[in-house]
Amino acid sequence: MKIFSANLDNLRKLYINQLQMLLSTEQQITEALPKMIDKATDVQLKQAFQSHLQETREQVMRLEQILNASVGEATTNKCKVMAALVTETEDMVRDAADNDVRDAALISAGQRVEHYEIACYGAVRHWAEILGETKHAELLDKTLKEEGHADHLLTQISNRVNPQAEKAA
Ligand SMILES: [Fe+2]
């Protein structure tokens, strides 16, 4: 439970608060993706997660860069949504008793993460523009495009993997 309120009485404070939250989001994804790569069977799915892990490491650095320039330090504000999504993923993966079904679950889990991130980055990018932080907006837009690309790639893979999962058992 939070004892002290963050006292977000202007848009800049909310912006910084949400960048700190996104830093926690990306750090949690950096820890979760290696496990997802390990559990995936489909080669293209493994590769998609692998390349997104590389992108996620760069996304962490972009947020650290923006936070360091803005407030002099890159601290986090724990993302509770990502913690819940990781738990949901672990449950699905543990319960999946077939490789294709597990891959279908992993794709679904990955897309939940991407959609959540797209919503969050869409907001902070707009706030950066409004606050006159053009350089930040460019960096955040780069990340937003990577999340969108990762989502589309997972849709393509699901078009092949989901019908295979339907044939399982
Ligand atoms: Fe990300």
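**Close-up views of a five-helix chain with an iron site**

Of the 169 residues in the protein chain, 43% count as buried. Please keep in mind while browsing the views below that this is a predicted model.

**View 1. The whole chain is built from helices, with no strands.** The protein chain has 5 helices and 0 strands, and its elements read α-α-α-α-α from the N terminus on. Along the principal axes, the C-alpha trace spans about 55 × 35 × 20 Å. A compact globule of 169 residues would have a radius of gyration near 15 Å, and the 17 Å of the protein chain agrees with this.

**View 2. Contacts and surface of the protein chain.** Here is a look at how the chain meets itself and what it shows to the outside. Among contacts with a separation of 6 or more, 78% come from residues 24 or more positions apart. The exposed area of the protein chain is about 9200 Å², and carbon and sulfur atoms supply 54% of that area.

**View 3. The iron ion and its protein donors.** Glu-26 appears twice in the list of donors, each time through OE. Joining Glu-26 are Gln-59 through OE1, and Glu-117 and Glu-147 through OE. These donors lie 2.0 to 2.5 Å from the iron ion. Along the chain, their spacing follows E-x32-Q-x57-E-x29-E.

**View 4. Gln-59 and Glu-117, a pair from distant parts of the chain.** Zooming in on two of the donors, you will find Gln-59 in helix H2 (residues 43-71) and Glu-117 in helix H4. The two residues are 58 residues apart, so to speak of the pair is to link distant parts of the chain. Both Gln-59 and Glu-117 are buried.

**View 5. Helix H3 from end to end.** Helix H3 covers residues 80-95, 16 residues in total. The distance from its first C-alpha to its last is 23 Å, close to the 22 Å expected at 1.5 Å a residue.

**View 6. The buried face of H3 and its other side.** Met-82, Leu-85, Thr-89 and Val-93 are the buried residues of H3. Seen down the helix axis, they fall within an arc of 70°, so they line one face of H3. As a handy reminder, an α-helix has 3.6 residues a turn, so residues three or four places apart point the same way. Helix H1 (11-39) and helix H4 (99-130) are included in what covers the buried residues of H3. On the other side of H3, you can pick out Lys-80, Arg-94 and Asp-95, which are exposed.

Terms used:
Residues numbered from 1 in each chain as written. Predicted model: local features only at pLDDT ≥ 70, side-chain atom pairs only at ≥ 80, totals over all residues. Heavy atoms only, no water. Helix = DSSP H or I, 4+ residues; strand = E, 2+ residues; numbered from the N terminus. Expected span 1.5 Å × (residues − 1). Buried < 20%, exposed > 50% of the residue type's maximum accessible area, 1.4 Å probe, protein only. Arc of directions from axis to C-beta. Contact = heavy atoms within 4.5 Å. Donors = N, O, S within 2.8 Å, 3.2 Å for Na, K, Ca; no water. Rg over C-alpha atoms; globule rule 2.2 N^0.38 Å. Areas by Shrake-Rupley, 256 points an atom, 1.4 Å probe, with all protein chains shown as cover.
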